[in-house]
Amino acid sequence: MEGIYKNVRFSAPSKCAFSQAAIEADIPVIDGHVVDRILLSTGRADIIKHNVTDSGIEIEGKIAFNIVAIDGKEVFSFNSTAQFSHSIDMEGVSKDVKASVKADLSLFEITSAGDTLALKCVIDIAVRASSYSSVDMLTGVKSCEVELKQLTLKQKKRVLIEKRSITIHDEVVMSDLKAILLSEGNLNISMAVNNSGTVTVSGIINISALIKKLDSSLSRLTQSLPFSTEVEISANCEIYTDLITDCVKLRPMGGEFGLISVEAIGTLFIYAQEDDELKLTLDAYSIFEPFSVKCIGIKSCYLASSINENVTIRENINLPDGMNDIYGIVYSSLRPVVTACSEDEQHLTVHGIAFLTCLYTDENGGLNTYSDEFPFTVATNEPYNQDSDISASLCRVILTGAMKNIEVKYTLNISGEIFKEESILVVSGVDPCDPPEKKHGVSMYFLSPGEDAFYVGKRFNVKRNDVLVCDEGNRAIVIR
C-alpha cells in the first residue's frame, strides 16, 4: 500500500536562553575636570549586532551612559560608551535560525576613582531563537479512496517588507538656558495606517532633560511631543509596525527665546500581517483497503496576538533615616525591566522592576541623590499564553516630594508579541491490516463527547457521508 504524502512546514517552538554579562571598565574624565561627587548617572544597554552559529549566539553591544558631577562648586556633565561582547551556548540552533536579542541593565554603578570613573554593570541578555520544522503527512492512498479527518489551524504571520531609519525634528522653549547637562528620550508609536501603500505613522517623542540655567541653578525639562511621518511601501495590506529608538538628541539653538532643537532617530520596521492556514491530517481510513495509521507528534508555535498598551503606575517612597529632607525635585530617571510574565484571571500579567534615581535639593539648597528600586505589576487585556516576548519602556515619570516622602507617577509602554503552542498528532504513514467484519442494515449510535461523523464512519466501516448526525449532535444513524 502506497501512501500519498505532503511535506508540511510549520513554525517550531522557540528556543529561549538567558544570560548575564558583567562589565567593569575605567572611564577617563573629560579634560579639565576632577570629579568630587557624582550627582546623577544614567545608562542603557544596546545590542549592536549578533551572529547565530551552530553552537549558540555571539553578541556585540555597548553601554551608553551620562554623568552629572560636581567639580568643586561647578556642576558639569559628560557622556561616553563602553563596548562589550558576549557568547551564549544554545543547543539545537544553526545559522539559518532567526534570533532576537534584548538587553537590560540589572546593575549599573559608576563611582569616582581619582581622575577616572569606575564603571560596573550587569547586563541581562535574553535570546529568542525561532525556526521551522517539517513533516511528511499523509493526504491519501494511491490505490483507493480515503476518508480524512483534518484540522485547519488559522495562524497569523508577519513578513518584513520595510526597514528604514527615520529622523524626527522638533523644537521646545526653555528660558534662561545656559547648558543641557543630561537628556533622555524615546519614541512611541500610537497609530500606524496603511492607505494604498502610504503608511502614516503617528506617535510621541518623550523627552526629559536636566537644564543648567543662567544663574547656575538646575531645572528639569519634560515634554511629550507628537510626531507624524509617512513611508511609501509596495503593498496595500494589513500591517504591523515596530519602532526602535536609536537616540534622542537635544541641542541649544541660542537666541533670546531659549529654543532647544530636538532630533529623534529611530529604526522603523513595517511588517505585512497575513492570515495563514495550516491543514493537518489527524486520522484516516478506507472502506476499500483497510489500513491502520501511524502518527507522529508535532509542536507548532505561532503568533497569537500583539500587545501595545500604556499603563500609569503610582508609588510612594519614604527616604531612609539619615538623608536630608526634600525641598524640591530637580531631576528623576526611571528604568523599567520586565522580569516575568504570568497568568492572572486568564489574562497576561507582566512583572518587573523599576530602577529610580532622583536628584533633589534640601532646605539649604544642597544637591542630594537618592536611588531605589521597586517591583511593578501590570495586568493587560491580552489572554495568557506561556510563550511571550514582552518589554517595557518608559513614556514619562513625574516625581513630587516633601520632607521624607516621594510620590512617583510613571507611565510605561508595554509592548510585544504573544505566541501559542499546539501539540498535535498527525498521520505520517499507513500499514495494511485485516478488514473488519462487514454488516448491513441501519444502526442507531449515541455519540459521546468529542465523537463526530468521521469517528462513527471509521467505527462502522462506512463512508462519512453515510452517517447522519441528528438531534443536535446526540445521535447518529448509520446506513450499511
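Colleague: What makes strands 2, 7 and 6 an open sheet?

Modeller: The three strands lie in the order 2-7-6 with antiparallel pairing. Strand 2 (15-28) and strand 6 (98-113) are at the edges with a single partner strand each, so one side of each has no neighbour in the sheet. This is a predicted model, in which local features need pLDDT of at least 70, side-chain atom pairs count only at pLDDT 80 or more, and totals for chains, interfaces and linings use all residues. Residues are numbered from 1 along each chain as its sequence is written, and side-chain values use heavy atoms, with hydrogens and water left out.

Colleague: How do you know that strand 2 pairs with strand 7?

Modeller: Two strands pair if DSSP finds at least two bridges between them. Strand 2 and strand 7 (residues 116-130) are joined by 14 bridges, so they pair. One of the bridge partners in strand 7 is Ile125, opposite Ser19.

Colleague: Why is Arg128 of strand 7 called buried?

Modeller: Buried means under 20% relative accessible area, exposed over 50%, partly exposed in between (1.4 Å probe, protein chains only). Arg128 has 9%, so it is buried.

Colleague: What makes the link between the side chains of Arg128 and Ser14 a polar contact?

Modeller: A polar contact is a pair of N or O atoms within 3.5 Å; within protein, one must be able to donate a hydrogen and the other to accept it, and residues adjacent in sequence count only if both atoms are side-chain atoms. The Arg128 to Ser14 contact is 3.1 Å, so it falls within that cut-off.

Notes. Helices (H or I, at least four residues) and strands (E, at least two) are DSSP runs, numbered from the N terminus.
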